Amino acid sequence: MPRVIGHLDLDYFYAQVEEIENPSLKTIPVIICVYSHRSEDSGVVSTANYNARERGVKSGMPIAVAKRKLAGIEAAFLPVRQEKYDQVSERVMELVKPRVDTLEQAGIDEAFFDITRVSRESFDSATVVARSIKQVILQDVGLSCTIGIAPNKVVAKLASDSKKPDGLTLVKPEDVKSFSSSLSVDKLYGVGTKTSEILRGKEIRTIGELATTKLELLEELFDRKLAQYLHLSSNGLDEEPVTERGEAAQISRIITLKQNSRNAQEIFEQLAPMIEDVLKKSVERRVGFRSIAIIGILTDLSIRTRNRTLEVPINDLHTLRKLVYVLLGELLDGFDKELRRVGVRISGFTSLANQGSLLEYIKP
Ligand code: DGT
Ligand code: CA
Ligand code: CA
């Protein structure tokens, strides 16, 4: 059955969130930094607005290099505010969900959606749906985003990547081949530097070249699953469903304490309903999780976290409560100030239905 699938990606996400909170930033380079706290400028650029990108600033670049590129220019270097971006992300997903058949969050600022039914299989109605999604996100949270619409996830992602920011690109079934054939192979969802290097070794640079490469050759270069995926996806074929399962990258709840405190028992009592809450959400999604974090906001508003990643996923309240209690103790050991707010976050989800998914298997 033909499908109508979308991929939505928020534009320069962390930096844009800072811009909407403080509009005076819109006219200057904004660089969101992950400080490693080893020395003043040690750390890397998480993302930057387009003003900064035009001056050569890129994600992953050392902060010191970005500073050099912007020497003499008024620019804002801001620390990552994860909790804030998580909240905005959650809100965006809430806005999109009722407008689509199925929503699958694929990262903090992106999601796949299936609109086969709401668009009645028509790419013209799909345009209307996509515009309304862009509109509601802009009106409600103030963010611009980019959407790609295509017959499947792989091509929808190629479509959204093809024109940013504030893009809307439709690739109808009959245009899939002409749209993708000249694109570089590393644009394919799941193809990282390692895979594309191996392909380059065989003079396969574009998706079109990959599409005409014999499956047997690909099977000599890669394991079978990856070879098949490369063969099909380069030919514009992808049956991967949009699933709500494995939805968000993380689930978190945070509260403000009735009064500032550093008494573990007292804090834990107030945190307990939040622990139950995140667990309930993971149960609803039918996922287990491997990472557990506790987040503390101190009286001076600085943020501290402690986390633990387990070998095996868990999904029971008893274990989660025990771990959170241990983490809370470790968190409090790290400073002498009182806590003002405290939260719990789980991530590293794995499906309990345990259906092996190709795209899970080859994480980009
Ligand atoms: P875009 O989509 O090109 O307009 O720009 P972004 O910033 O939304 O980029 P995207 O979608 O790849 O990533 C979403 C957010 O994830 C981004 O706002 C910050 C964070 N992020 C992306 N790349 C990196 C990275 O290399 N390091 C760190 N720490 N964070 C990153
Ligand atoms: Ca983005
Ligand atoms: Ca993204």
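What geometry does the site of the calcium ion (ligand 2) have, given the angles among its six donor atoms? Colleagues, I shall answer that for a predicted model, and then turn to the second ion beside it.

The site of the calcium ion (ligand 2) is octahedral, and the angles among its six donor atoms run from 81 to 176 degrees. The protein supplies Asp9 (OD), Leu10 (O) and Asp109 (OD), at 2.0 to 2.3 Å from the ion. Along the sequence, these donor residues follow the spacing D-L-x98-D. Aspartate 9 belongs to strand β1, residues 5-10, whereas aspartate 109 sits in the loop between β5 (102-107) and β6 (110-114); the pair therefore ties together parts that are 100 residues apart in sequence. Both aspartate 9 and aspartate 109 are buried.

Let me now move to the calcium ion (ligand 3). Which protein donors does this ion have? They are Asp9 (OD), Asp109 (OD) and Glu110 (OE), and they lie 2.2 to 2.6 Å from the ion. The spacing of its donor residues in sequence is D-x99-D-E.

How far apart are the calcium ion (ligand 2) and the calcium ion (ligand 3)? The distance between them is 3.6 Å, and aspartate 9 bridges the two. Asp109 (OD) likewise appears among the protein donors of the calcium ion (ligand 2) and among those of the calcium ion (ligand 3). Leu10 (O) is one of the donors listed for ligand 2, and Glu110 (OE) is one of those listed for ligand 3.

Conventions. Residues numbered from 1 in each chain as written. Chains lettered and ligands numbered in written order. Predicted model: local features only at pLDDT ≥ 70, side-chain atom pairs only at ≥ 80, totals over all residues. Heavy atoms only, no water. Donors = N, O, S within 2.8 Å, 3.2 Å for Na, K, Ca; no water. Tetrahedral: all angles 85-135°; square planar, octahedral: opposite > 155°, others 65-115°. Helix = DSSP H or I, 4+ residues; strand = E, 2+ residues; numbered from the N terminus. Buried < 20%, exposed > 50% of the residue type's maximum accessible area, 1.4 Å probe, protein only.
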